[in-house]
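Welcome, and thanks for stopping by. Shall we look at the ligand site and the empty spaces together?

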Amino acid sequence: MDNLIRLQYLEAMGIDVWMPRVSSHVGQSLSFDVEPDADNVEHESSESVQTSWDILQAEVASCTKCALCETRTQTVFGTGNKIANWMIIGEAPGQHEDEQGKPFVGKAGLLLTEMLRAVGLDRDEVFITNILKCRPPGNRDPKPDEAESCSEYLRQQRALLKPKIILAVGRIAAQTLLNTDAPLSKLRGKVHELDGTPLVVVYHPAYLLRSLLEKRKAWQDLLLAVRTVR
Ligand code: URA
């Protein structure tokens, strides 16, 4: 899409455009490892890995492990680059995601896309998914048994992708992945580890849409992730 039109769309939807202000914030360039590394490229060429992704996606599509299968329109497996260095994990599909079968495509998704763009990442370069692969009715928080039912799918996605960094988007994703009930304010601002992979917690874009004062902290968290993966 033409850049001007994109900006006009975003403005009309009340979404601020995130621009990197690198020199004033950190005094360093935002060049970092977006390109998949050699290991991951070999990884991609492996037919068996692609087959494993296909099998997993088909398994998710027909999942009936919890009651959410009765209310979903379709599952939302995840989208993006299957040899990405960055894995972005949100909470659960909302209405738009449930309708389109893709994660983060609503208003919060547009802001997430802008946040990634601000640190030089295109949506297609990263892999985006959620803790839950089905929409909870009314967008309520995931129940523990639903997260538990879905956890094996996410574990397998992580194992296939082997990301260099995981971005946990929002409180629910962070608490579920890190198995804690600590508040987001305590979880953000540091580099955690999940089975050997660095994990950085960022504010959920839906929260940022309501509380733009936190935008600066969200920007700092993104830069922390960039520095970690570099
Ligand atoms: N919020 C999320 O956490 N995930 C989505 O896919 C959409 C909105």
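What follows is a short conversation about the ligand, its pocket and the largest cavity.

Guide: A word first: this is a predicted model, where local features need pLDDT of at least 70, side-chain atom pairs count only at pLDDT 80 or more, and totals for chains, interfaces and linings use all residues. Residues are numbered from 1 along each chain as its sequence is written, and side-chain values use heavy atoms, with hydrogens and water left out.

Visitor: Which residue has a polar side-chain atom 2.8 Å from a nitrogen atom of the ligand?

Guide: A polar contact here is a pair of N or O atoms within 3.5 Å. Backbone atoms take part: Ala 92 has a polar one 3.1 Å from a ligand nitrogen, and a backbone N or O atom of Phe 104 lies 2.9 Å from a ligand oxygen. The side-chain partner at 2.8 Å from a ligand nitrogen is Asn 130.

Visitor: How much of the ligand's accessible area does the protein cover?

Guide: Accessible areas come from the Shrake-Rupley method with a 1.4 Å probe. On its own the ligand has 240 Å² of accessible area, and the protein covers 91%.

Visitor: Which helix gives the largest share of the lining of the largest pocket?

Guide: On a 1 Å grid over the protein atoms alone, a pocket is an open set of points with protein on both sides within 12 Å along at least five of seven lines, and lining residues have an atom within 4 Å of a point. The largest pocket is the space taken by the ligand, and a molecule sits in a pocket if more than half of its atoms lie within 2 Å of its grid points. Helices are DSSP runs (H or I, at least four residues), numbered from the N terminus; α6 (95-100), α7 (107-118), α9 (171-178) and α11 (205-210) each supply at least two lining residues. The largest share, 4 residues, comes from α11.

Visitor: What is the volume of the largest cavity?

Guide: A cavity is a set of points where a 1.4 Å probe fits but cannot get out, and 3 cavities of 30 Å³ or more are counted. The largest cavity has 14 lining residues, with Cys 63, Cys 66, Arg 72, Cys 134 and Cys 150 nearest its centre. With volume taken as the space filled by probe spheres set on the points, the largest cavity comes to about 90 Å³.

Technical notes. A polar contact is a pair of N or O atoms within 3.5 Å; within protein, one must be able to donate a hydrogen and the other to accept it, and residues adjacent in sequence count only if both atoms are side-chain atoms.
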